[in-house]
Amino acid sequence: MIARARALLARLLGRSSANPAQAGWSATDRYICEQLLSRDPAADLALGASDAAGLPPIAVSANQGKLLELLVRIQGAHRILELGTLGGYSTIWLARGLPAGGKLVTLEASPEFAEVARGNIAAAGLAEVVELRVGPALQTLPELAGEAPFDLIFLDADKVNYTSYMEWSLKLSRPGTLIIADNVVGAGAIVESHGPDPWGEVGGVQGVRRLYEMLSAEPRLSATAIQTVGEKGYDGFALGLVTAEV
Ligand code: SAH
Ligand code: DHB
Ligand code: MG
């Protein structure tokens, strides 16, 4: 109970009006989206349907989705792997960056979430591009050897398994693959090794800290992380470029 209360407090501090900076971050995010992102019925529909189905509101923000789309294009990615589909919101943004003939494989543990995602992906006209595989990622990843190498990989499933996901990502990569991990800051929780868990996941902070250790020790990756603020509070993305034969 105390752990839950602490987690709730961390979430409040991270992204609600309890954080005096949040209103400004949200207003600025809205301004950026109004200026730079066109009206987006497909993405709005996906969020609305996810909400109506009771999915947690933990998708990337619109602004971050656009960043993912741009990274796909900058990378010239044809094949994308995503871990953690939820309602398919980030999936839709990533898939939009693909050229004709591109392919995205997305992994989701929850059959209920996957069902919602399937509807959203189809409604966005991406059913032919996206392959959704249901089950814990550690079970579905070993089945992907035939689909590899991927050009871009987005890690956004449970944070406790991030290092295992990074190991699998390296196996499924080529030199030049870009690996992106969401939630690598957690409102600063990652620098307080005994702090509360910001993502409602016990052990999440330790999982992300192990990812940093792995990134710092992994000679095949050149990596950094950027802190992000906005509509979804304060968190961050890690970017790792595969620089050597894997
Ligand atoms: N990428 C999504 C958000 C993902 S939220 C977006 O931005 O739109 C994290 C997701 O990871 C949840 O849907 C959760 O069910 C899923 N997940 C948690 N543990 C998992 C596991 N072991 N394997 C695959 N997916 C998992
Ligand atoms: C939360 C946010 C995320 O981006 C995620 O992948 C999982 C959980 C959260 O805020 O609880
Ligand atoms: Mg996330």
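A residue is called buried when its relative accessible area is under 20%, exposed when that value is over 50%, and partly exposed in between, with a 1.4 Å probe and only the protein chains taken into account. By this definition D182, at 7% relative accessibility, counts as buried, and N183, with a relative accessible area of 10%, is buried as well. The model is predicted, and side-chain atom pairs count only at pLDDT 80 or more. Residues are numbered from 1 along each chain as its sequence is written, and side-chain values use heavy atoms, with hydrogens and water left out.

These two residues lead to the magnesium ion (ligand 3), which is coordinated by D156 (OD), D182 (OD) and N183 (OD1) at 2.0 to 2.2 Å. Donors here are N, O and S atoms within 2.8 Å of the metal (3.2 Å for Na, K and Ca), and the site may look incomplete because water is not among the atoms. Along the sequence, the donor residues are spaced D-x25-D-N.

D156 also leads to ligand 1, which is surrounded by 19 residues, the closest being G84, S90, E108, A137 and D156; a residue is near a molecule if one of its heavy atoms lies within 4 Å of it. Several side chains place a polar atom beside a nitrogen atom of ligand 1: for S90 the distance is 2.8 Å, for an N or O atom of D158 it is 3.2 Å, and for Y165 it is 3.3 Å. Of the 580 Å² of accessible area that ligand 1 has on its own, the protein covers 87%, where accessible areas come from the Shrake-Rupley method with a 1.4 Å probe.

Technical notes: Chains are lettered from A and ligands numbered from 1 in the order in which they are written. This is a predicted model: local features need pLDDT of at least 70, side-chain atom pairs count only at pLDDT 80 or more; totals for chains, interfaces and linings use all residues. A polar contact is a pair of N or O atoms within 3.5 Å; within protein, one must be able to donate a hydrogen and the other to accept it, and residues adjacent in sequence count only if both atoms are side-chain atoms.
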